Amino acid sequence: MSQAKPPGRSLLASALGGLGLLAGMMLIVEGGRLLPPASIAPVQDAGDLKPAFHGPIHDARPGRPARKIAEDLIAPPPLDPSGIERIEPRPPLGELGLAPRPQTPMPQDWRETLLFRPVAASSAVVEAMGRTVAISGTVDIGPDRTCMFDDTAWPCGQRARAAFNAWLRGRALKCLLPPDADRFAIAAPCALGTQDVGAWLVSNGWAMAARSGIYGKAEVVARTARMGIFGPPQ
């Protein structure tokens with residue numbers, strides 16, 4: 001059976017709790033009296049606010065020059081421009097950063113090319129399909145060339161060009177050309193069917209043989225026979 005608690009103890013506990021609460025409230029009140037009153041800044045209206053100043057701040061104190069520390073060690077020594085010598089740049093360490101050199105077409109890259117409807121620009125130069133080809137091994141006779149025969153001048157250059165055009169008759173020439181021959185005039189061997197163009201021109205006197213060419217004997221024959229530019233006016 002449980003025993004009932006005596007009523008005197010409950011009343012004593014309640015009285016002690018009330019006294020403790022009252023003592024705490026009194027301490028809070030006394031502490032507020034002893035502390036100094038806090039200064040509270042007045043709240044400004046939104047219209048009274050001024051933007052912050054962001055301009056440069058000047059020091060009103062008298063300025064002093066900065067001290068130079070180890071000037072001889074930090075500052076570069078004075079240089080005399082007359083004693084400076086420019087030297088050539090050093091060669092590159094490798095070829096990786098260099099631009100590749102343009103490849104020159106080699107003789108093994110040349111191919112036989114058909115030139116349709118060729119037109120003689122002079123006695124040994126033809127133009128066809130946007131290309132200009134001089135017959136290799138020959139010396140061209142310009143259209144303005146004038147020849148003398150028995151003290152008689154005649155336009156042998158024009159006659160040589162006309163003879164070349166008449167022989168071509170618009171037929172296709174087969175020339176040995178590099179891949180990019182359309183970019184510049186080039187000297188190349190050509191053939192019309194089975195006939196060597198250079199041999200025909202020199203042997204008929206409508207062109208002269210180059211010193212390093214192979215048509216020297218053909219020019220001797222033309223001079224002896226007084227053919228083409230070596231003969232009478234035509």
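**Notebook: disulfides, helix 3 and a surface patch**

I began with the S-S torsion of Cys175 and Cys190: it is about 110 degrees, so this disulfide is right-handed. Cys175 belongs to strand 8 (residues 173-177) and Cys190 to strand 10 (residues 190-192), so the bond ties together parts 15 residues apart in sequence. I note that the model is predicted.

**Entry: the Cys175 and Cys190 pair**

I looked up the sulfur separation next. The sulfur atoms of Cys175 and Cys190 are 2.0 Å apart. Are Cys175 and Cys190 buried or exposed? Both of them are buried.

**Entry: the disulfide search**

How many disulfides does a search of the whole structure find? I get two. I then numbered the bonded cysteines of the chain in sequence order, and the pairing reads 1-2, 3-4.

**Entry: the Cys147 and Cys156 pair**

The other bond I checked joins Cys147 to Cys156, with an S to S distance of 1.9 Å. I looked up its torsion too. About the S-S bond of Cys147 and Cys156 the torsion is about 70 degrees, so this disulfide is right-handed.

I checked burial for each partner. Cys147 has 7% relative accessibility and therefore counts as buried, the cut-off being under 20%. Cys156 has a relative accessible area of 0% and is buried.

**Entry: helix 3**

Cys156 led me to helix 3, which covers residues 156-168. I count 13 residues in helix 3. From first C-alpha to last, helix 3 reaches 18 Å, close to the 18 Å expected at 1.5 Å a residue.

Which residues in helix 3 are buried? My list is Cys156, Gly157, Ala160, Ala163, Phe164, Trp167 and Leu168. I then looked down the axis of helix 3. The buried residues fall within an arc of 135 degrees, so they line one face of the helix.

I also looked at what comes after the helix. Arg169 follows helix 3, and its phi is positive, near 50 degrees.

**Entry: a nonpolar patch**

I turned to the surface. Leu114, Phe116 and Met129 make a nonpolar surface patch of about 320 Å².

Where is Met129 placed? I find Met129 in the loop between strand 3 (125-128) and strand 4 (131-135). Met129 has a relative accessible area of 53%, and the exposed class starts over 50%, so Met129 is exposed.

**Recap**

I leave the page with two disulfides, paired 1-2, 3-4. Cys156 is one of the buried residues of helix 3, and Cys156 is bonded to Cys147. Met129 is one of the residues in the nonpolar patch.

Key: Residues are numbered from 1 along each chain as its sequence is written. This is a predicted model: local features need pLDDT of at least 70, side-chain atom pairs count only at pLDDT 80 or more; totals for chains, interfaces and linings use all residues. Side-chain values use heavy atoms; hydrogens and water are left out. Helices (H or I, at least four residues) and strands (E, at least two) are DSSP runs, numbered from the N terminus. The expected span of a helix is 1.5 Å times one less than its number of residues. Buried means under 20% relative accessible area, exposed over 50%, partly exposed in between (1.4 Å probe, protein chains only). The arc is that of the directions from the helix axis to the C-beta atoms. A disulfide is a pair of cysteine sulfur atoms within 2.5 Å. Patches are made of residues with over 30% relative accessible area and no salt bridge: like charges are joined within 9 Å, nonpolar side chains (Val, Leu, Ile, Met, Phe, Trp, Tyr) within 5 Å. Accessible areas come from the Shrake-Rupley method with a 1.4 Å probe; for residues, only the protein chains shown count as cover. A salt bridge is a side-chain nitrogen of Lys or Arg within 4 Å of a carboxyl oxygen of Asp or Glu.
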